[in-house]
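This briefing goes through one protein model, topic by topic. Please keep the sequence and the 3D view open while reading.

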Amino acid sequence: MTQPDDESTAAGPEELREQVERTRAELGETVQALTARTDLKTRAQEKATAVRGEATVKVGELKAKAADLTHQAQDKVPGPVKDKANQAAEQARLKTAQAGRLWREKAPEPVRQKTVQGARTARENRALLLATTGAATLVWLACRRRKR
């Protein structure tokens, strides 16, 4: 009978036990590695966490860039135009408030309840809503780029 290599030959029972334990440990590590590779649910969750983190970073970058561009644009607008824009914004706020009052008076109760519930849910999940919107925007932009 041929021996595979010098390391696998055991001089005594104690050395044989050590080799068996070493082989058992290596086999356990191999099984764990294979299990990790085939655990699709965990891999999908890890990928989702990574994508969520990337989306959060991108959303932050986009917010900062939008704020910077807004400030740059506001700095370039002449004073009279700013005054007219402020007046228009105030009129829009007044019209919106008036429309809101009319809606509250005329809308059926179930519609009002559902609307209030939806608004509350959106406020409570604002971060998730923003992250999802940012991720959807990134996907949309990526798809547009590929089509070109």
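Arg17 and Glu14 both sit in helix α1, which covers residues 13-38, and they are three residues apart, about one turn of the helix. Their side chains meet in a salt bridge, with an N to O distance of 3.5 Å. The model is a predicted one, and the points below cover its overall form, its salt bridges, the surroundings of Arg43 and one helix pair.

**Overall form**
- The secondary structure consists of five helices and zero strands.
- Read from the N terminus, the order of elements is α-α-α-α-α.
- The radius of gyration of the protein is 32 Å, whereas a compact globule of 148 residues would have one near 15 Å.
- Along the principal axes, the C-alpha atoms fill a box of roughly 100 × 45 × 30 Å.
- Buried residues make up 5% of the 148 residues of the protein.

**Salt bridges**
- A search of the whole structure gives five salt bridges, and the one between Arg17 and Glu14 is among them.
- Side chains of opposite charge can pair when their charged atoms come close.
- In the α1 pair, Glu14 has a relative accessible area of 49%, so this residue is partly exposed; the cut-off for exposed is over 50%.
- Helix α2 spans residues 40-76 and holds both Lys58 and Glu61, three residues apart, about one turn of the helix.
- The side chains of Lys58 and Glu61 form a salt bridge at 3.8 Å, N to O, and the cut-off for such a pair is within 4 Å.
- Lys58 counts as partly exposed because its relative accessibility is 39%.
- Glu61 has a relative accessible area of 44% and is therefore partly exposed too.
- Helix α3, residues 79-106, contains Arg93 and Glu90, again three residues apart, about one turn of the helix.
- In the salt bridge of Arg93 with Glu90, the closest N and O atoms are 3.0 Å apart.
- Glu90, at 38% relative accessibility, is counted as partly exposed.

**Arg43 and its surroundings**
- Arg43 is placed in helix α2.
- Its relative accessibility is 44%, so Arg43 counts as partly exposed.
- With neighbours within four places in sequence left aside, Arg43 is in contact with Ala36 and Arg37.
- Helix α1 runs over residues 13-38, so both contact partners of Arg43 fall in that range by number.

**Packing of α2 against α5**
- Helix α5 covers residues 126-147, and it packs with α2 at an angle of about 85 degrees, the axes being 9 Å apart.
- Angles of 65 to 115 degrees count as roughly perpendicular, and α2 and α5 are therefore roughly perpendicular to each other.
- On the α2 side the contact is made by Ala55, Lys58, Val59, Leu62 and Lys63, and on the α5 side by Leu130, Gly134, Ala135 and Leu138.
- Sorted by class, the contact of α2 with α5 has six nonpolar residues, one polar residue and two charged residues.
- Lys58 thus has a part in two of the topics here: it belongs to the contact of α2 with α5, and it forms a salt bridge with Glu61.

Conventions. Residues numbered from 1 in each chain as written. Predicted model: local features only at pLDDT ≥ 70, side-chain atom pairs only at ≥ 80, totals over all residues. Heavy atoms only, no water. Helix = DSSP H or I, 4+ residues; strand = E, 2+ residues; numbered from the N terminus. Buried < 20%, exposed > 50% of the residue type's maximum accessible area, 1.4 Å probe, protein only. Contact = heavy atoms within 4.5 Å. Axes fitted to C-alpha atoms, helices over the stretch in contact; angles between N-to-C directions. Parallel < 35°, antiparallel > 145°, perpendicular 65-115°, else oblique. Nonpolar A, V, L, I, M, F, W, Y, C, P; charged D, E, K, R; others polar. Rg over C-alpha atoms; globule rule 2.2 N^0.38 Å.
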